[in-house]
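Open the model in your viewer and keep the selection box ready. We will go from stop to stop, picking a few residues each time.

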Amino acid sequence: MAEPIKNRYDFVVLFDVENGNPNGDPDAGNMPRIDPETGYGLVTDVCLKRKIRNYVETAKEGQPGYEIYIKDQVPLNRSDARAYSYLGIDEKSIKEAKKKDDQLDIKIRDFMCQNFYDIRTFGAVMTTFVKAALGCGQVRGPVQLGFARSVEPIVPQEVTITRIAITTEKDAEKKGTEMGRKYIVPYGLYRVEGYVSANLARKSTGFSNEDLQLLWQAITNMFEDDRSAARGKMAVRELIVFQHDCPMGCAPAHKLFDAVTVTRVGEDTAAPARSYRDYRVDIDETAIPHGVTCTRMI
């Protein structure tokens, strides 16, 4: 297995949406998530992690060590059972097995981390092991994301749509079309910030430099193989990475994030933005301390 990363990283991602819904809220009729106090758009960390998982699953399909733990229509206990099988343990006698082997928790955790990329990256809550009172049931991952927030307030629009295909014979006798609705954001630029901990990689999951490069690749391409009419046109516009020259880091993450500013440009900055060209992204190099390297990957 490759060595864990030895440097801390902090990063900023800018992505935009055009005529689409980047993250619907099921509690609000699937309209785009929004902060009701400010009008800024939101995209959850769970939504972004799903897209990263989907990219890795597609790019590394079938390759050992790159399976995905949180995936559609696959019960988690089915994946958990593989750890028991690998170690030759009967799930019903797990308490007795733990008494015989005080390293059992670590062995199970290591097996899951080595085989599942998303556990190695984001960590996981593995309910099967939690119920068995094993210490490996909760794994803290070295990579964490916050919520994405739009750079400016958004104004979601409700669009009425029609279809000529009728659902049932009975309905076809009464009407020729059916009506529906969908929500879109005409344009929105979103910003999300993330963290990569070298210490958690070393102590817990073994997240390596190869895994890190795959993470950058997945973030850059997370919308490219995940298109849908509902989400419209989405693209990652910037990936800005701060690399520290030590595991603990050389500066607080928030100070590095403050060095990245997004500004409206153009003749009429009061008009709603409708393109990425309506913004300028600047990095204040003087705010980056010694020991931190800033790289604009895209």
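## Stop 1: a strand and its neighbours

This is a predicted model. Start with strand E1 and strand E10, residues 178-196: the two run antiparallel and are joined by 11 bridges. For one pairing, select Val17. Its bridge partner in E10 is Gly188.

Now add strand E11, residues 233-244. E1 pairs with E11 too, in the antiparallel sense, over 10 bridges. Pick Asp10 next. Which residue of E11 stands opposite Asp10? Look for Phe242.

Next, colour E1 by exposure. Is E1 mostly covered or mostly open? It is mostly covered, with 10 of its 12 residues buried.

## Stop 2: the largest cavity

Rolling a probe the size of a water molecule over the atoms shows where empty space is left. In this structure there are two cavities of 30 Å³ or more. The largest cavity has about 40 Å³ of space.

To find the largest cavity, select its lining: Phe11, Val13, Leu48, Ile52, Leu145, Val192, Ile219 and Met222. Which elements each supply at least two of these residues? They are strand E1 (9-20) and helix H1 (45-59).

Colour the lining by residue type. It comes out as eight nonpolar residues, with no polar and no charged ones.

## Stop 3: Asp45 in helix H1

Stay with helix H1 and select Asp45, which is found there. Is Asp45 buried or exposed? The cut-off for buried is under 20% relative accessible area. Asp45 has 16%, so it counts as buried.

Show what surrounds Asp45. Leaving out residues up to four places away in sequence, Asp45 touches Leu145, Gly146 and Phe147. You have met one of these before: Leu145 is also among the residues lining the largest cavity.

## Stop 4: the second largest cavity

Clear the selection and pick Phe223, Asp226, Arg227, Ser228, Arg231, Gly232 and Met234. These residues line the second largest cavity. About 30 Å³ of space lies inside.

Colour by residue type again. How many residues of this lining are charged? Three are charged, two are polar and two are nonpolar. Set that beside the lining of the largest cavity, with its eight nonpolar residues and no charged ones.

## Last look

Show E1 once more, with E10 joined to it by 11 bridges and E11 paired with it over 10. Then bring back Phe11 and Val13, two of the residues that line the largest cavity.

Methods: Residues are numbered from 1 along each chain as its sequence is written. This is a predicted model: local features need pLDDT of at least 70, side-chain atom pairs count only at pLDDT 80 or more; totals for chains, interfaces and linings use all residues. Side-chain values use heavy atoms; hydrogens and water are left out. On a 1 Å grid over the protein atoms alone, a cavity is a set of points where a 1.4 Å probe fits but cannot get out, and a pocket is an open set with protein on both sides within 12 Å along at least five of seven lines; lining residues have an atom within 4 Å of a point. Grid points are joined across faces, edges and corners, and a volume is the space filled by probe spheres set on the points. Helices (H or I, at least four residues) and strands (E, at least two) are DSSP runs, numbered from the N terminus. Ala, Val, Leu, Ile, Met, Phe, Trp, Tyr, Cys and Pro count as nonpolar, Asp, Glu, Lys and Arg as charged, and the others, Gly among them, as polar. Buried means under 20% relative accessible area, exposed over 50%, partly exposed in between (1.4 Å probe, protein chains only). Contact means heavy atoms within 4.5 Å. Two strands pair if DSSP finds at least two bridges between them.
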